[in-house]
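Open the model in your viewer and set it to show secondary structure and side chains. The stops below say what to select and what is there.

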Amino acid sequence: MTPPGPLERPWHTMTTAAVAEQLRVDPAQGLTPNEVTRRQREHGDNTLRAATRRGPLRMLLAQFADVMVLVLIGAAIIAALVGDPEDTLAIVAIVILNAVLGFVQEYRAERALAALGAMAAPTARVRRAGEERTVPSHDLVPGDLVLLEAGNVVPADVRLTDSVRLSVEEAALTGESVPVEKDTAPTSATDAPLGDRHGMLYKGTSIAAGRGTGIVVATGMRTELGRIAAMLQDDTDVRSPLQLRLAAFGRRLAVLVIGLCTIIFVTGLLRGEPLGLMFMTALSLAVAAIPEALPAVITVSLALGARRMVRQQALIRRLPAVETLGSVTYICTDKTGTLTENRMRVDVVQAPCGSALEASHVRTPLPHVALTIAGVATLCTDVQGAADDAAADDAAADDVLVGDPTETALVRWATAHEAHKPSLEQRWPRIAEVPFTSERARMTTVHAAAGHEQRLACTKGAPERVVPHCDRMLRDGALVPIDRAAVLQQAEQMAASGLRVLAVATNSDHGEPGDPPDALEEHQLLLALVGLIDPPRQEAADAVLTCHTAGIHVVMITGDHPATARAIALRLGIETDPTAPVLTGRALADLNDEALREQVEHTRVYARVAPEDKLRIVRALQARGEFAAMTGDGVNDAPALKHADIGIAMGLGGTDVAREASHMVLLDDNFATIVQAVREGRRIYDNIRRFVRFVLSTNAGEIWTLFLAPFLGLPLPLLPIHILWMNLVTDGLPGLALAAERAERDVMQRPPRPPQEGIFAHGLWQHAVWVGLLMAALALGTLAWARHTGNAHWQTMTFTVLTLSQLTHIMAIRSERQSVFRQGVTSNPLLLLAVVATLLLQLATIYVPAMNGVFRTVPLTLGELAACLAIASVVFVAVEFEKFLVRRRGLYADPAAATPAS
Ligand code: ATP
């Protein structure tokens with residue numbers, strides 16, 4: 001089977017039956033699994049570009065692509081040809097080992113990223129072999145039947161076979177930002193522009209409203225989007241701000257290092273050292289000291305961090321978010337489902353201007369129509385899976401009901417009051433509806449009694465949106481004129497205790513049969529006010545408290561009633577002042593941008609806001625210099641998510657559109673997970689800083705040692721192989737183990753890091769300079785003293801002192817402020833292991849006879865070894881003293897910023 005090419009009859013001109021026939025699919029059943037497999041082989045994946053991931057071999061080879069490394073290998077080989085092949089082999093071996101180590105890291109990171117990518121990959125609802133199921137979008141084939149609803153991103157080019165009030169946002173393809181209505185009719189003009197082909201849906205566009213079903217007609221690069229791949233948003237550059245800054249820094253440092261190495265080379269020659277040796281020394285030092293791998297190391301840290309975060313239910317979609325999470329100063333969060341459990345239950349049902357209704361009232365048929373209050377409420381829901389048996393209100397039946405939690409709560413309550421949705425729907429089939437949207441905050445279904453002309457509208461929604469359209473209310477079984485103000489007052493009182501309040505209303509005797517359903521939303525009869533409980537999540541209050549100690553403001557943005565919102569905010573500690581105002585969507589609309597900018601500083605709760613308002617709130621916060629995270633789940637939330645510094649989508653309840661716009665997805669929709677992610681982000685950033693601190697200090701130590709020696713009248717302190725060994729072993733192993741460092745105790749007790757703050761802030765570069773100088777002073781001091789006392793082991797001792805001081809240094813910089821003893825010497829077992837392993841390897845270079853030949857070392861006496869260790873410990877003591885000054889005297893504190901209290 002080959003689908004017609006573009007030159008044959010185009011899909012949009014064909015009837016749905018013709019499309020189904022051409023693609024050999026039964027629209028009621030969909031394709032069989034065998035047929036899907038066959039078509040997948042024929043058409044390939046439904047992806048836009050062939051995956052361009054590097055294979056392992058290319059990744060390994062890329063490790064050698066560094067010019068300096070290649071020059072080093074070349075020089076070592078030439079040296080072998082003219083001199084000592086043993087040396088050369090050792091150098092080449094070290095360089096190769098180094099590359100392998102780099103490769104293993106990068107490969108792990110790549111695998112972690114691929115796994116995250118697979119988790120974040122979009123899915124599609126399909127009908128195959130008569131069953132509906134969710135499959136990864138890239139598995140779709142021509143002929144597949146896809147089911148789409150508001151919030152979905154269209155996964156392939158689709159010819160519609162069925163549609164209900166379907167409209168689609170096609171801006172990605174046509175540039176037209178107003179949603180276009182779609183239906184199943186063919187378009188006659190063969191060359192109709194994409195935007196006019198109303199029977200077609202195109203990959204990459206999104207469903208703005210309604211639902212539909214269609215047959216996939218093109219996948220992957222054969223879709224319209226595939227053809228204009230250039231229009232794709234390019235998301236491939238995921239380099240984080242830190243990586244960019246470090247890459248730039250690395251280039252500047254490289255120039256400096258090469259300058260210093262040249263001086264080392266020239267002064268060596270002037271002093272009569274052999275040309276070959278000096279060349280290798282300078283080159284080895286350049287290779288060792290230029291931190292060209294820093295940006296790659298950061299990718300590794302971020303990727304591995306992201307992998308860890310996914311285990312904590314936070315899925316990172318854009319890697320730089322891991323790094324920037326630590327800068328968040330505002331978390332703007334939804335209420336329902338994020339701060340609350342989204343497990344609703346009807347708590348109380350009150351008569352308008354009356355008291356709580358007894359069960360018998362709820363079960364009494366209404367005076368004007370053969371239906372109860374519970375019956376009206378349950379008819380006005382889209383819940384699936386409701387049964388006729390009364391057991392439906394017990395916990396086991398919860399799993400059966402599928403739908404919005406507000407609605408499943410109503411259905412459960414109605415069932416308990418003898419209003420069974422399936423049998424009611426048989427008696428009162430639905431003939432029309434005005435769906436719920438957050439903007440309207442109400443919903444109406446229209447029913448016709450079987451065999452009668454009579455139409456019945458069932459409405460439920462936010463009291464302020466329903467009550468104004470009611471002119472009568474039900475009280476004590478009678479219909480009386482409504483007192484709107486009193487009812488709204490009553491609803492406010494219910495909301496103030498934290499309940500979500502819905503007004504239930506009906507209309508049976510207005511409107512003509514041909515009227516649109518919206519007409520039946522007027523002149524209604526108010527039946528009852530229903531109060532639903534949605535308990536706050538237990539962990540949410542703790543998470544809010546953590547945010548406050550971490551200098552992060554928590555803001556609740558909800559579509560719910562201001563009184564409900566305030567009650568929940570007070571309970572969770574988001575708001576502490578019961579009299580503080582709640583900013584409503586209406587008040588917000590009256591504020592201009594400048595006034596809003598003023599207002600956001602004091603506002604903790606926004607209620608009855610529309611999703612569009614979220615964008616204004618984010619903008620206002622950002623204009624104040626805040627770094628804002630924002631949650632969202634709906635289509636209309638997407639712009640705010642995109643614009644936020646960290647856009648957070650819901651994984652359980654969210655739409656594809658929101659997910660695609662986000663930086664991070666909460667797999668459990670839980671507020672506490674955001675706070676956990678911020679904590680993890682801060683930890684990862686701290687670890688990156690530790691690594692940079694470590695690498696720069698040790699490299700500085702090596703450079704200073706070789707640079708200063710000739711000026712102090714000392715011989716060449718280290719041989720090329722020593723330098724490369726230190727680069728591989730002492731920099732490599734323990735450096736990697738730093739990534740496993742746990743979060744510091746005060747990680748959530750300090751203020752957020754200003755987003756513009758450089759990685760070298762708080763004394764990092766000063767530290768690298770003075771520690772480097774101290775290491776060099778210790779190494780050269782040892783050298784001078786050993787030579788002075790006629791000790792022939794001077795070079796081995798210098799080499800050992802330098803290596804050991806790098807190890808004592810790493811133990812001390814595990815925390816920026818805390819003493820290592822308070823932090824716990826063994827709290828990073830991996831690092832301890834790496835330090836011990838490095839120590840043993842260093843001892844091997846000194847005491848294993850075969851290594852003595854390679855490293856030109858001599859076995860030290862126990863006294864000499866002890867002396868080396870003691871000298872190296874000075875670095876540890878000095879850094880601990882530096883931290884003491886940081887803690888006590890605020891050394892390196894930025895005078896402009898508040899000093900964190902520990
Ligand atoms: P949050 O922003 O905290 O997640 P929300 O998004 O759940 O809140 P909406 O879903 O926009 O808020 O609901 C706004 C209001 O609309 C609710 O307070 C309620 O009064 C009403 N409402 C919610 N769900 C329904 C529904 N299924 N039918 C009718 N009205 C509803």
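Select helix H32 (residues 862–889), which gives the most to a positive patch, with three residues. Helices (H or I, at least four residues) and strands (E, at least two) are DSSP runs, numbered from the N terminus. The model is predicted: local features need pLDDT of at least 70, side-chain atom pairs count only at pLDDT 80 or more, and totals for chains, interfaces and linings use all residues. Residues are numbered from 1 along each chain as its sequence is written, and side-chain values use heavy atoms, with hydrogens and water left out.

Now add the whole patch: Arg745, Arg822, Arg887, Arg888 and Arg889 form it. Patch residues have over 30% relative accessible area and no salt bridge, with like charges joined within 9 Å; a salt bridge is a side-chain nitrogen of Lys or Arg within 4 Å of a carboxyl oxygen of Asp or Glu.

Stay on Arg889, which lies in helix H32. Arg889 counts as exposed because its relative accessibility is 67%; exposed means over 50% relative accessible area, buried under 20%, and partly exposed in between (1.4 Å probe, protein chains only).

Next, select strand S17 (residues 524–533), where nine of the 10 residues are buried. Then show its partners; two strands pair if DSSP finds at least two bridges between them.

- S16 (residues 500–507) runs antiparallel to S17 over seven bridges; Val504 is opposite Ala528.
- S10 (residues 345–350) is also antiparallel to S17, with five bridges; Val346 faces Leu532.
- S14 (residues 470–475) is parallel to S17, with three bridges; Arg472 has Leu525 as its bridge partner.

Note on methods: Patches are made of residues with over 30% relative accessible area and no salt bridge: like charges are joined within 9 Å, nonpolar side chains (Val, Leu, Ile, Met, Phe, Trp, Tyr) within 5 Å. Accessible areas come from the Shrake-Rupley method with a 1.4 Å probe; for residues, only the protein chains shown count as cover. Lys and Arg count as positive and Asp and Glu as negative; His and the chain ends are not counted. The place of a charge is taken as NZ of Lys, CZ of Arg, CG of Asp or CD of Glu.
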